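Work through the exercises below with the sequence and the coordinates open beside you. Each task is followed by a solution that goes step by step.

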Amino acid sequence: MAACLSLVFAAAHGACLKGPPIKWTPPPAPGAWPRFLFHFRGAHGDFRLQEVRAVAEMLGFASQLELQALPHLSESASSRPAACSTQQYARIDGGDVGPSVFQWVSLPDASAAAAVASRCVLVRAAYDVWAHACFDGEGEPPSSRGRWEWLASAVCESGEAQRDRMLAPLGEESWKLELLTFGVHKPYSLAAKVALFELFHELLVGLPGEVELASPRHVITLLEDRAHPTALGPASGGLPPIEWEGWQGVDASGAPHEATGHSSRLFVGRRLSRGAGSLLAAFSLSSRRFVGRTSLPADLAFLMANSARVRRGSLVLDPFCGTASTLLSCARFGACVVGVDIDARTLGCVEAEGGGRAERGVYANFEQAGLPPPVELIVSDAGLLLHDQILTDGRYYEFDAIVTDPPYGLLEGLGALYVPLSLRIETLMAIAAHRLRVGGLLVFLLPVPAEDKEPTLPHSDCMELVSLSRQPMTLRIHRYLVTMRKTTRPSDNDIRAPSCAETPSELQKMASPWERWWESLGQDRATIDSINSKASTNTA
């Protein structure tokens, strides 16, 4: 259970120390859930919020789930509103465009917060925050150490009752202190870290548990946020940036300090769990035995698996599986997976001279990860899933989830296998209507021109939209992460195969509006094929 403290505004501690009010973690209202601080990776914008909501729903914590963004450190703390909409976009250090990477998340208790965070690949960590303060530099300690001194004094002198509430979850188990800084270009020296830790000596001196640096049961975290945002406007990603003053080096103790007036936010609390970021290194494209030009990066693959609420025992289909990044991520979460792709070369199923397979292809990646192989990998047009010509065993008739990144025609070009994205999506919707169980989820990525307001999805009587999150990729291209749920049995219209033209030129004429950004590039089919041919040569 989280340490829930009354909202207290501490008086100034010491004649020379001035600062903003210390905010203690408030108790939830009757019947409400406590809130915890989630720190996200600065990547994929709104996708990170969608992942938390999906995982919370999968684990049964969606009934009172709330996310409230901490305001970006871009204005005076005294004039900044108490809450910030999650749709307020800003560019943060690292180049990401999206909501604040610090979010208050309401969940039943600390164990629920830990469970959600530990499953999310875009979450760095979740914290039970004891106290925090935001400084704007006006009449406050100008140095980082001075601000930590002010906060540490308030926490250490907060009283025995509050101290017990903060430290009770630690019991007699092992612990350690850590210092994390966000938005700092020059980190603290070791001596500066030790000096900051010593400020909290009075609070921690009586803990019965042993200090364990390698693998402690609990981690007490001092977290400092000094990110420099750049206001961009709602979801645009294209407004002129607002520049903020940079850093001014380090002070004599080795701690970074900033120009007068630069904002910072300090937190003290207990780390509940790290996120699932370790999966990204283990499943990175650079470490795989078999990849292709269009292989989906690990972070997006795991993000999509979480959006599909994949769990142990789920049966998952990717009808455009390529090199099976999505299937790998789903299998890592315990799912049984089935993949279909029309190109045998993409699956690594090309016949070698003299017979036999040239390589293990996709199967090699499953072997490398120590995962059971796909139930089936089928070289076929995905449209045949609508006619029971493949996957004839009744066990495979209904899937718990369909997770896929349909071919866009970006890297594979407009060759013999090209199909306009509009027809790909129509086929995908029909497959979902025909092959998902009622309640099953369809998750896919959809590119759009940056100027388009919202994509037009094919209508289906049995599919409803669950979530739609947008991410700017370049000045020309954005993409959506789409999640849909099958709500009822399909009608005849839902499972009818889309009409398909015979020649690439006819297919090009049927291209949907969100593909027309190709035209703005001024590239004809020959140019595109030439680019792809060079890319293939360089990759080889």
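The exercises begin with the chain as a whole and then turn to particular residues and pairs in this predicted model.

**Exercise 1. Describe the chain as a whole: its secondary structure, its burial and the sequence range of its contacts.**

Step 1. Counting the secondary structure elements gives 15 helices and 18 strands.
Step 2. Of the 540 residues in the chain, 53% are buried, and the accessible surface comes to about 23,500 Å², with 52% of that area belonging to carbon and sulfur atoms.
Step 3. When contacts between residues at least 6 apart in sequence are considered, 76% of them join residues at least 24 apart.

**Exercise 2. Classify the aromatic pair of Phe 38 and Phe 40 and that of Phe 102 and Phe 267, and place the second pair in the chain.**

Step 1. A pair of aromatic rings is described by the distance of the centres and the angle of the planes.
Step 2. The search of the whole structure finds 7 aromatic pairs. One of them joins Phe 38 and Phe 40, whose centres are 6.4 Å apart and whose planes make an angle of 40°, and this pair is tilted.
Step 3. Phe 38 counts as buried because its relative accessibility is 0%, and Phe 40 is likewise buried, with a relative accessible area of 0%.
Step 4. For Phe 102 and Phe 267 the distance from centre to centre is 6.0 Å and the angle between the planes is 20°, and this pair is stacked.
Step 5. Phe 102 belongs to strand 6 (residues 102–106) and Phe 267 to strand 11 (residues 264–274), so the pair ties together parts that lie 165 residues apart in sequence.
Step 6. Both Phe 102 and Phe 267 are buried, and together with Phe 182 they form one aromatic cluster.

**Exercise 3. Compare the surroundings of three salt bridges: Arg 270 with Asp 128, Arg 217 with Glu 173, and Arg 271 with Glu 178.**

Step 1. The whole structure holds 11 salt bridges. In one of them the side chains of Arg 270 and Asp 128 meet at 3.9 Å, N to O, and this pair links strand 11 with strand 7 (residues 123–135) across 142 residues.
Step 2. Arg 270 counts as buried because its relative accessibility is 9%, under the 20% cut-off, while Asp 128 is buried with a relative accessible area of 0%.
Step 3. Arg 217 and Glu 173 also meet at 3.9 Å, N to O; Arg 217 lies in the loop between helix 6 (201–204) and strand 9 (218–225), whereas Glu 173 lies in the loop between helix 4 (160–167) and strand 8, 44 residues apart.
Step 4. Arg 217, at 53% relative accessibility, counts as exposed, and Glu 173, at 36%, counts as partly exposed.
Step 5. The side chains of Arg 271 and Glu 178 meet at 3.3 Å, N to O. Arg 271 lies in strand 11 and Glu 178 in strand 8, so this salt bridge ties together parts that are 93 residues apart in sequence, and both residues are buried.

**Exercise 4. Which residues does Leu 180 contact, leaving aside its neighbours within four places in sequence?**

Step 1. Leu 180 is found in strand 8 (residues 175–182) and counts as partly exposed, at 32% relative accessibility.
Step 2. With those neighbours left aside, Leu 180 is in contact with Tyr 127, Thr 221, Leu 222, Leu 223 and Glu 224.

Note on methods: Residues are numbered from 1 along each chain as its sequence is written. This is a predicted model: local features need pLDDT of at least 70, side-chain atom pairs count only at pLDDT 80 or more; totals for chains, interfaces and linings use all residues. Side-chain values use heavy atoms; hydrogens and water are left out. Helices (H or I, at least four residues) and strands (E, at least two) are DSSP runs, numbered from the N terminus. Buried means under 20% relative accessible area, exposed over 50%, partly exposed in between (1.4 Å probe, protein chains only). Contact means heavy atoms within 4.5 Å. Accessible areas come from the Shrake-Rupley method with a 1.4 Å probe; for residues, only the protein chains shown count as cover. Rings of Phe, Tyr and Trp (its six-membered ring) pair if their centres lie within 6.5 Å; planes under 30 degrees apart count as stacked, over 60 as edge-to-face and the rest as tilted. A salt bridge is a side-chain nitrogen of Lys or Arg within 4 Å of a carboxyl oxygen of Asp or Glu.
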